[in-house]
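Reader: I have a model on screen and some questions about it. Can we go through them one by one?

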Amino acid sequence: MKTPAVLKTRPILQKNGLSRVGIVGAGQLGRMMALAGYPLGLHSVFLDRGKNTPGAQVAETLIGELEDPGQLAALAARSDVLTFDWENISGKALAPLAHVACIRPPAAALEVSQDRLHEKALFTRLNIPVAPHRAVDDLAGLHEATRVLGFPGVLKTRRLGYDGKGQFVLRSSADVALAWDLLGGPGLIYERFLRFSREISIVGARSPAGRIVSYPLTANTHVGGVLRYSVAPYVNAKLERLAITYLRRVLKALTYVGVAAIEFFVVGGRLIANEMAPRVHNSGHWTIEGAVTSQFENHMRAICELPLGSTRALGHSAMINFLGGLPDRRRLLAIEGLAYHDYGKEPRPGRKVGHCTIQRPRATDRDEALAATLKLIEWT
Ligand SMILES: Nc1ncnc2c1ncn2[C@@H]1O[C@H](COP(=O)(O)OP(=O)(O)OP(=O)(O)O)[C@@H](O)[C@H]1O
Ligand SMILES: [Mg+2]
């Protein structure tokens, strides 16, 4: 008897878990996912615009626009599961693929985190505090938002912002006109600028069966909206309990599968959620060397229906981003226990082109090594 077409295109649920991973976007996150998959027998295929992306240097890549229906269908046809290096794929582009491959994390999780207003609405619905904010769609709306929320505040595009792009900090009413000139248009959000004592994040994973694991908290230092370096574990039992509770609420509400992160501001001993990432996160890069199982491996395990690995930290880690260009490899590698990651990207001002991780058995030694390493790194 002829096999019905629908069976042919359904994901093959192997006894061993799924094993062909299609990754939309071939940036450094995708590359590190693909690399983490190889030892587990997981094979990745990317879709991205260019031939020389970080991902294309380590796995086969289909070349095309990320939302090109034909290329997405081709990627899905070659995959048991589709996942994302770039989370801004629309639900509309993904809908036709749902019958071909599993989409993990689910499209609804991507959609909610694509829009800062929807993301904040989800946090609020789940009783997770967020900064006071208002949607802004025209100049009158910006005036109204600054009147209600005051200064300082941050005007942000609701969609497609990253590394602090699409943001403007307003200090007084004198900044309104300039902010509007730079970002003006519909689809903005004005948030109160929070005087936080620290920025932290939590990275965790949820399996298809609903098991949730999370890494120790990470403390993050940003300059100009871009992450410069992170240290982990950030030890604070009360904040950790809160962060885990919030992460669990979000992952459960979204019936999430894979790794996700939530960024928080610490304000007066409380956690205020800034944003979530429905993917592996820059503040989790230290887990490659600094945890029993890396965030990249746990993402691959989760989406491929393999048991999640231990998130226990191995000592104390610091991760430093290389921005704009790579530092001298020879000098850095002379530092004991330093791991060097070159993403294979062209240098460009402000661009994340690599990172390094240092580990020490004790936090004080880690802090010393971090300070010494920071002296060798120039951000451009
Ligand atoms: N409401 C706020 N109050 C104080 N600082 C803020 C606020 N919003 C953003 N920032 C600062 O700007 C940084 C980047 O903001 P946000 O995380 O919203 O943008 P992003 O472009 O998505 O960044 P990334 O992609 O690097 O996470 C924050 O980590 C924080 O340092
Ligand atoms: Mg952020």
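**Helix end, metal, ligand and cores**

Author: We start at the end of a helix. Helix α11 is followed by Glu-305, whose phi is positive, near 65°. Keep in mind that this is a predicted model.

Reader: Which residue caps the N-terminal end of α11?
Author: The helix covers residues 295-303. A side-chain oxygen lies 3.2 Å from the backbone nitrogen of Phe-296. That oxygen belongs to the capping residue, Ser-294.

Reader: How many of the residues of α11 are buried?
Author: Buried means under 20% relative accessible area. The buried residues of α11 include polar or charged names such as Gln-295, Glu-297 and Arg-301. Phe-296, Met-300 and Ile-303 are also among them. The helix is mostly covered, and the count is 9 of 9.

Reader: Which residues coordinate the magnesium ion?
Author: The ion is ligand 2, and its coordination distances run from 2.0 to 2.7 Å. One partner sits in strand β14 (residues 258-267) and the other in strand β15 (residues 270-277). They are 12 residues apart in the chain. The OE donors come from Glu-263, listed twice, and Glu-275.

Reader: Is Glu-263 buried or exposed, and what about Glu-275?
Author: The cut-off for buried is under 20% relative accessible area. Glu-275 has 21%, so Glu-275 is partly exposed. Glu-263 has 13%, so Glu-263 counts as buried.

Reader: Which residues come nearest to ligand 1?
Author: There are 20 residues around this ligand. Strands β7 (153-157), β9 (188-192), β14 and β15 each supply at least two residues of the shell. The nearest are Lys-156, Gly-164, Gln-167, Glu-199 and Glu-275.

Reader: Which side chain has an N or O atom 2.7 Å from an oxygen atom of ligand 1?
Author: Take the polar distances in turn. A polar side-chain atom of Arg-116 lies 3.0 Å from a ligand oxygen. Arg-192 uses a backbone N or O atom, 3.0 Å from a ligand nitrogen. The 2.7 Å distance to a ligand oxygen belongs to Lys-156.

Reader: What share of the accessible area of ligand 1 does the protein cover?
Author: On its own, ligand 1 has 610 Å² of accessible area. The share covered by the protein is 92%.

Reader: Which helix gives the largest share of the largest nonpolar core?
Author: This core has 43 residues. Phe-123, Ile-200, Val-250, Leu-254, Ile-262, Phe-264 and Leu-271 touch the most other members. A second, separate core has 36 residues, including Val-21 and Cys-304. In the largest core, 6 residues come from helix α9 (residues 237-253).

Reader: Which side chain makes a polar contact with that of Asn-282?
Author: Asn-282 sits in the loop between β15 and α10 (287-290). Its relative accessible area is 9%, so Asn-282 is buried. Beyond four places in sequence, Asn-282 touches Leu-227, Met-319, Asn-321 and Lys-352. The polar contact, at 2.9 Å, is with Lys-352.

Reader: How far apart in space are Val-267 and Gln-57?
Author: Val-267 lies in strand β14. Beyond four places in sequence, Val-267 is in contact with Leu-194, Arg-195, Phe-196 and Ile-272. Gln-57 is 210 residues away in sequence. From C-alpha to C-alpha, the distance is 42 Å.

Key:
Residues numbered from 1 in each chain as written. Chains lettered and ligands numbered in written order. Predicted model: local features only at pLDDT ≥ 70, side-chain atom pairs only at ≥ 80, totals over all residues. Heavy atoms only, no water. Core = buried A, V, L, I, M, F, W, Y, C linked by side-chain atoms within 4.5 Å. Buried < 20%, exposed > 50% of the residue type's maximum accessible area, 1.4 Å probe, protein only. Helix = DSSP H or I, 4+ residues; strand = E, 2+ residues; numbered from the N terminus. Donors = N, O, S within 2.8 Å, 3.2 Å for Na, K, Ca; no water. Near = heavy atom within 4 Å. Polar contact = N/O pair within 3.5 Å; in protein donor to acceptor, adjacent residues only side chain to side chain. Areas by Shrake-Rupley, 256 points an atom, 1.4 Å probe, with all protein chains shown as cover. Contact = heavy atoms within 4.5 Å.
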